Protein chains: 2
Amino acid sequence: MKLGEGVEAAIHCAAMLAGVEGNSTMAASAMAEAFGLSPSYLLKHLNMLSAARILESVSGPAGGYRLARPAERISLLDIVLAVEGREPAFRCGEIRRNGPVTFDASAYVKPCGINAAMLKAERAYRAALAEAKLSDIVATYAAEGDPRSLAASCAFVERHQRPQKSSSTKQA
Amino acid sequence: MKLGEGVEAAIHCAAMLAGVEGNSTMAASAMAEAFGLSPSYLLKHLNMLSAARILESVSGPAGGYRLARPAERISLLDIVLAVEGREPAFRCGEIRRNGPVTFDASAYVKPCGINAAMLKAERAYRAALAEAKLSDIVATYAAEGDPRSLAASCAFVERHQRPQKSSSTKQA
DNA sequence: GATTTTTTACTCGGATAAATAATGTCCGAGTGGAGTTGG
DNA sequence: CCAACTCCACTCGGACATTATTTATCCGAGTAAAAAATC
């Protein structure tokens, strides 16, 4: 019952990427600097987010990462599952069958009650995470966060985001 | 996001101990045999349950483990926390402070919104586990489990439980 | 001066070590019962 | 025959290796921009 350290980094980075405008991108090195993380290691987690279609990556000198869809459609569950894996935390090893006396498979057609209870709790966990959208995180931070920290974050994003020329950058 | 393998063993053993009568005990070696587990390793988890006041241990030739309180008052949450530790799965490292620009502590009096969202989800998880009592697990197994497996389990408990003489064994 | 080509610097991506936690095993302290011996 | 003592086998408890997972790092493939050469 312990989440990897990369989950926190992934969510913070996703929240920061929610602040970039249009289809601009932000380099992983910039985000690593913003949170005092190892650039090489952060790449690994960001790569997992790309593989899960949560982020998009752009190579090249002006490349970086950007959200693959609006922040309203990204939940914390998406990020957690992408980083930690989609399989449930409780894995039923069916140890009830490992006893000295063994029955045929017909005795175990009913699922293990313990497994059912654990999975039910985990569904509640995931449902709560699915409700928490990335846009809510950002909005709460903008509303209740410290003004100084907020201004610094916005300035940081403004300074490090790199516009892309491929699509329309919507700048007048 | 992965629970240790010992959680499953701990819950199964607790459910089996719920079937012993009065203040009788059952040796760890018997439970290890019942589930095909390593006896030495199972001891470790059972010891954690004793330390958490969920089980009671009796030393000596006729010793073993028994529930420290009725199964109605033991929840799956108690067992999971005893085995996996009480600290939350998501540990906020406060990486928001590790950026290049640092403010004084007054900028971080508000808790991290990401941490709050993760802890909220975990509270839902724990609430669901707290609702699941050990007696419910046993009752469901008795009602819906396979009759053969149920009979074998009861016979196993009847064969391996060891009455204690210290208190009244309530046998006429 | 404009265009094409080449170079270059910067990005992500995956393969590779070190550190940490989980897993599995072993031996020792303690205890109640059985066997033995003396009364 | 009964009681006390001794011995012993069985229990849990914690300390010690082994394996798996997580964490951290490095180097290579690819790419778009910039610089240089040519028309």
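A polar contact is a pair of N or O atoms within 3.5 Å. Keep that cut-off in mind at the first stop of this tour of a predicted model.

Select Tyr65(A) and DNA strand C. An N or O atom in the side chain of Tyr65(A) is 2.7 Å from a phosphate oxygen of the strand. Next, pick Ala28(A), where a backbone N or O atom lies 3.0 Å from a phosphate oxygen of DNA strand C. Then go to chain B: a backbone N or O atom of Glu5(B) also lies 3.0 Å from a phosphate oxygen of this strand. The elements that give two or more residues to this surface are β1 (55–58) and β2 (64–67) of chain A and α3 (39–51) of chain B. The largest share, three residues, is from α3(B).

Now show everything around DNA strand C. There are 20 residues, and those that come nearest are Asn47(A), Ser57(A), Gly60(A), Tyr65(A) and Ser38(B). By class, the surface has seven nonpolar, eight polar and five charged residues. On the DNA side, 73% of the strand's atoms within 4 Å of the protein belong to sugar or phosphate.

Move on to the contact between the two chains, with 52 residues from chain A and 52 residues from chain B. About 4,800 Å² is buried there, and carbon and sulfur atoms give 69% of that area. Select Met1(B), Glu8(B) and Ile95(B), which lose the most area in chain B and together make up 18% of what that side buries.

Finish at Arg148(A) and Asp104(B), a salt bridge with its closest N and O atoms 3.3 Å apart. The count of salt bridges between the chains is two. On the chain B side, α5(B) gives the largest share, 10 residues.

Technical notes
Residues numbered from 1 in each chain as written. Chains lettered and ligands numbered in written order. Predicted model: local features only at pLDDT ≥ 70, side-chain atom pairs only at ≥ 80, totals over all residues. Heavy atoms only, no water. Near = heavy atom within 4 Å. Polar contact = N/O pair within 3.5 Å; in protein donor to acceptor, adjacent residues only side chain to side chain. Helix = DSSP H or I, 4+ residues; strand = E, 2+ residues; numbered from the N terminus. Nonpolar A, V, L, I, M, F, W, Y, C, P; charged D, E, K, R; others polar. Contact = heavy atoms within 4.5 Å. Buried area = accessible area lost by both parts, 1.4 Å probe. Salt bridge = Lys/Arg side-chain N within 4 Å of Asp/Glu carboxyl O.
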